[in-house]
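Biologist: I have a chain in front of me and would like to go through its fold step by step. Could we take it as questions and answers?

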Amino acid sequence: MAETILVAGASGILGRLVAAELHRRGYRVRALVRSASRAVIVQPHVDQIVIADALRPETLGDALHGAGSVFSCLGQSVALDLRNRAPGYEAVDYTANHNLLVAAQRAGVERFVYVSVCGAARYEQLAYMRAHEAVARELRASSMQYGIVLPTGFFGALLPLLD
């Protein structure tokens with residue numbers, strides 16, 4: 001049986017691409033999404049969907065049960081639409097990923113891959129960078145096998161400018 005990988009943030013641009021590629025490679029992909037309306041977006045690319053909110057750790061149990069790995073690209077949108085602002089990067093990005101990491105350790109997940117951002121450690125004066133680096137520090141200090149992806153740029157949020 002194929003390893004189950006939980007993709008957190010699976011309904012976002014990057015999450016959908018990661019889920020689709022993992023599925024194509026033969027992994028059993030479980031998507032973590034916050035709402036049924038967002039689940040529709042990722043449905044064609046996954047084997048299972050779990051609706052839970054990493055800001056509410058008590059909802060994460062079923063998402064992690066039996067998963068061998070977590071791939072987390074969840075966080076507050078960096079979209080240009082300022083009408084859709086969440087509480088902030090530290091409140092969302094850090095807290096959600098912290099909760100997911102703690103729950104993954106409790107569930108016995110072996111590996112955790114986290115999408116951070118290149119230069120986060122150098123620019124911690126910026127809330128976005130500080131939130132990502134705080135998660136990376138916790139992950140490094142954990143007992144789990146881990147990977148930290150440090151993209152230099154992910155510009156899906158800027159697509160409206162091209163229209």
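Modeller: What follows are questions on the sheet, its crossovers, a loop serine and the cysteines, with answers from a predicted model.

Biologist: In what order do the six strands of the open sheet lie?

Modeller: The sheet is open and its strands pair in parallel. Strands 3 and 6 stand at the edges, so each has a single partner strand and one side without a neighbour in the sheet. From one strand to the next the twist averages 20°. Read across the sheet, the order is 3-2-1-4-5-6.

Biologist: Which residue of strand 4 is the bridge partner of Leu6?

Modeller: Leu6 belongs to strand 1, which covers residues 4-8. Strand 1 runs parallel to strand 4, and four bridges join the two. The partner of Leu6 there is Val70.

Biologist: And on the strand 5 side, what is the bridge partner of Val70?

Modeller: Strand 4 (residues 69-72) and strand 5 (residues 111-115) are parallel and joined by four bridges. One of the pairs puts Phe71 with Val113. For Val70, the partner in strand 5 is Phe112.

Biologist: Are the residues on the two faces of strand 4 buried or exposed?

Modeller: In a regular strand the side chains alternate between the two faces of the sheet. In strand 4, Ser69 and Phe71 lie on one side, with Val70 and Ser72 on the other. Both faces are covered, and these four residues are all buried.

Biologist: Which helix lies across strand 5 and strand 6?

Modeller: Strand 6 spans residues 145-149 and is an edge strand. The helix across strand 5 and strand 6 covers residues 127-141 and runs at about 165° to strand 5. That is helix 5.

Biologist: On the other side of strand 1, which residue of strand 2 stands opposite Val7?

Modeller: Strand 1 pairs with strand 2 over five bridges, in the parallel sense. Strand 2 (residues 28-33) is mostly covered, with five of its six residues buried. Opposite Val7 stands Ala31.

Biologist: Which residue of strand 3 does Ala31 stand opposite?

Modeller: Strand 3 covers residues 48-51. Four bridges pair strand 2 with strand 3 in the parallel sense. The residue opposite Ala31 is Ile49.

Biologist: What is the handedness of the β-α-β unit made by strand 1, helix 1 and strand 2?

Modeller: Helix 1, residues 13-24, is the helix of this unit. The unit is right-handed. The chain then passes from strand 2 through helix 2 (residues 36-42) to strand 3, and this crossover, too, is right-handed.

Biologist: Is Ser11 buried or exposed?

Modeller: Ser11 sits in the loop between strand 1 and helix 1. Beyond neighbours within four places in sequence, Ser11 is in contact with Arg16, Val33, Arg38 and Ile41. Its relative accessibility is 9%, so Ser11 counts as buried.

Biologist: How many disulfides does a search of the whole structure find?

Modeller: A disulfide is a covalent bond between the sulfur atoms of two cysteines. Cys73 is buried at 19% relative accessible area, while Cys118 counts as partly exposed at 34%. Across the whole structure, the number of disulfides found is zero.

Conventions
Residues are numbered from 1 along each chain as its sequence is written. This is a predicted model: local features need pLDDT of at least 70, side-chain atom pairs count only at pLDDT 80 or more; totals for chains, interfaces and linings use all residues. Side-chain values use heavy atoms; hydrogens and water are left out. Two strands pair if DSSP finds at least two bridges between them. Axes are lines fitted to C-alpha atoms, for helices over the stretch in contact, and angles run from 0 to 180 degrees between N-to-C directions. Contact means heavy atoms within 4.5 Å. Buried means under 20% relative accessible area, exposed over 50%, partly exposed in between (1.4 Å probe, protein chains only). A disulfide is a pair of cysteine sulfur atoms within 2.5 Å. A crossover is right-handed if, with the strands pointing away from the viewer, the path from the first strand over the helix to the second runs clockwise.
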